[in-house]
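Thanks for asking me to look this one over. Here are my notes, written for someone coming to it fresh, with the helix pairs and the open and closed spaces taken in turn.

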Amino acid sequence: MALANWWVVLIAVAVIVIAIGTGLLIGLQRGAQHESAPSAPIARAERLRGLPSFRRAVQRRTAALAGVIALGVIATVIGGVVAARPMSSQTIQPVNTSRDIMLCLDVSGSMSDVDVEVLTVFEELLDGFEGERIGLTIFNSSPVQVFPLTDDYEFIRTHLESIRSSFDYMEEIPEHWVGTLNGPGASLIGDGLASCAMRFDHQDDERSRSIILATDNELAGASIVSLEEAASYAASAGVRVFALNPVQGVNTEISDELVAAAQATGGEAYGLRDTTTVADIIADVQEQDATELRGQAQVVWTDTPNVWIAVLFVLALGFIVLMWRVRL
C-alpha cells in the first residue's frame, strides 16, 4: 500500500499530540483547583472506597475512559490514512487483438482528380473496421508517412480530412506535396508500395497485415523498385495488397499489371467506383484472423480506501458507544 498524500497522516498525529497535551494540561489545572478548594467532609469515606462494588465501578469507568482515548487516537490515525488516499499498484500489459492496415495513397498529378474520392472510400472503410490499427502513407516521387499504425480513429479521421482539404490548393504548398516531391519522376508506384510495406512494426509477430493501395498505375519516371518487385517483397513479408484503381477497365494493360501485383500477394484489385468495393475489401481484410498485440507493461495505481473506511466506521461507532456509556 502507498499513500498519495502521506503528509496528512503527520497532521493527524500532530492533532493527537496536541489534543492529549491539552487534555493533560486541563486535567492538571482542574486537579490543582480541586486540591485548593475546600471539600465537603464525609465520615468514613475510606470505607466507601473500599467496597468491592465501588472499586469495580471505578475500574469500569477508568477502562471505559481509556478505551475512549484509545479509540479516539486510533480513529484519528485511520482518518488521516483515509484522507491521505491509500493506493495500490497493479502491473498490466495491454493486449490489442486486431489487424494492421496501411493506407497507401498515390498523390501524383494524374490522381489529383480522384484522390478526394479515394479519401472518401478510406473513410467509409474506417466505418467498417473496429479496433484495427490503421496507418497512412502518401507518395509521388518520394513516399511520406502521414501517421503510423494507430487505433485512435478520431486521430485518423482528423488527418484524412486534413489531407482531403489540401487538394483544394488553398495553400501555397498543399500538405500532400510536402515531402512527396524529393526525387525525379512522378507516381513511382513500386517505390510507394515498397515503402508502405516497410511501415509495419512488430515484424517478429505473426499478424494480419494489409495494404490498401490507391493508384492509377501511371508511372512517370524510373523507380528504384518496380511494382512487381514491391509486390514480391510485400508477399514475402506476409502483407496482402488490395488495390483501388480509378481507371479499372479503361487502360487494360495498366490495370492488368496492377491486378497481377495485388493477386501475387494474396490480395485483389477493385474499381474505385464499384458499388461493392468497400464491403469487399472489409470482408477480405476481416477474413484473416485478428491476433494479439501486447503493449508495454504499465503500472496502474488505484485508490483502495474501502477497508480503511470500514475500520474507521467501526472505530467511530465504538467511540460513540463508549462515550454514551461513561456519560461524557
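**Notes on helix packing, a pocket and a cavity**

1. Let's start with one helix pair: α7 and α8 are roughly parallel to each other, because angles under 35 degrees count as roughly parallel and theirs is about 15°. Keep in mind as you read that this is a predicted model. Helix α7 covers residues 227-236 and helix α8 covers residues 252-264, and their axes lie 8 Å apart. The crossing of α7 past α8 is right-handed.

2. Who touches whom in that pair? On the α7 side you'll find Leu227, Ala231 and Ala235, and they meet Glu257, Leu258, Ala261 and Ala264 of α8. Sorted by class, the residues of this contact come out as six nonpolar, one charged and no polar.

3. Next, have a look at α4 (residues 115-128) with helix α9 (residues 277-286). Their axes are 10 Å apart, and the packing angle is about 50°. These two helices are therefore oblique to each other. As with the previous pair, the handedness is worth a note: α4 passes α9 in a right-handed crossing.

4. The α4 side of this contact is made up of Val121, Glu124, Leu125 and Gly128, while α9 brings Val278, Ile281, Ile282 and Gln286. Here the split is five nonpolar, two polar and one charged.

5. Now for α3 (52-83) and helix α10 (residues 306-325). The two pack at an angle of about 155°, with 9 Å between their axes. That angle makes α3 roughly antiparallel to α10. In this case the crossing is left-handed.

6. The list of residues for this pair takes a moment to read. From α3, the residues in contact include Ala64, Gly67, Val68, Leu71 and Gly72, and further along Ile78, Val81 and Val82. Among their partners in α10 are Trp308, Ile309, Leu312, Leu315, Phe319 and Met323. The contact has 16 nonpolar and four polar residues, and no charged ones.

7. On to the spaces. How many residues line the largest pocket, and which lie nearest its centre? The lining has 18 residues, with Ala19, Ile20, Gly23, Leu24 and Ile69 nearest the centre. Two elements, α1 (7-36) and α3 (52-83), each give two or more residues to this lining. The volume of the pocket is about 570 Å³.

8. Helix α1 supplies the largest share of that lining, at nine residues. By class, the pocket's lining holds twelve nonpolar residues, four polar ones and two charged ones. If you're browsing the model, α3 is a handy thing to follow, since you'll meet α3 both in the pocket lining and in the contact with α10.

9. What about enclosed space? Searching the whole structure for cavities of 30 Å³ or more turns up one. The largest cavity has a volume of about 30 Å³. Its lining consists of Leu103, Phe122, Leu125, Leu126, Phe129 and Ile134, and by class these are six nonpolar, with no polar and no charged residues.

10. One last link to try on screen: which helix gives the most to the lining of the largest cavity? That's α4, with three residues. Leu125 is a good place to centre your view, as Leu125 lines the cavity and is also one of the α4 residues that meet α9.

How values were computed: Residues are numbered from 1 along each chain as its sequence is written. This is a predicted model: local features need pLDDT of at least 70, side-chain atom pairs count only at pLDDT 80 or more; totals for chains, interfaces and linings use all residues. Side-chain values use heavy atoms; hydrogens and water are left out. On a 1 Å grid over the protein atoms alone, a cavity is a set of points where a 1.4 Å probe fits but cannot get out, and a pocket is an open set with protein on both sides within 12 Å along at least five of seven lines; lining residues have an atom within 4 Å of a point. Grid points are joined across faces, edges and corners, and a volume is the space filled by probe spheres set on the points. Helices (H or I, at least four residues) and strands (E, at least two) are DSSP runs, numbered from the N terminus. Ala, Val, Leu, Ile, Met, Phe, Trp, Tyr, Cys and Pro count as nonpolar, Asp, Glu, Lys and Arg as charged, and the others, Gly among them, as polar. Axes are lines fitted to C-alpha atoms, for helices over the stretch in contact, and angles run from 0 to 180 degrees between N-to-C directions. Angles under 35 degrees count as roughly parallel, over 145 as roughly antiparallel, 65 to 115 as roughly perpendicular and the rest as oblique. A crossing is left-handed if the near helix is turned anticlockwise from the far one by less than a right angle, and right-handed if clockwise. Contact means heavy atoms within 4.5 Å.
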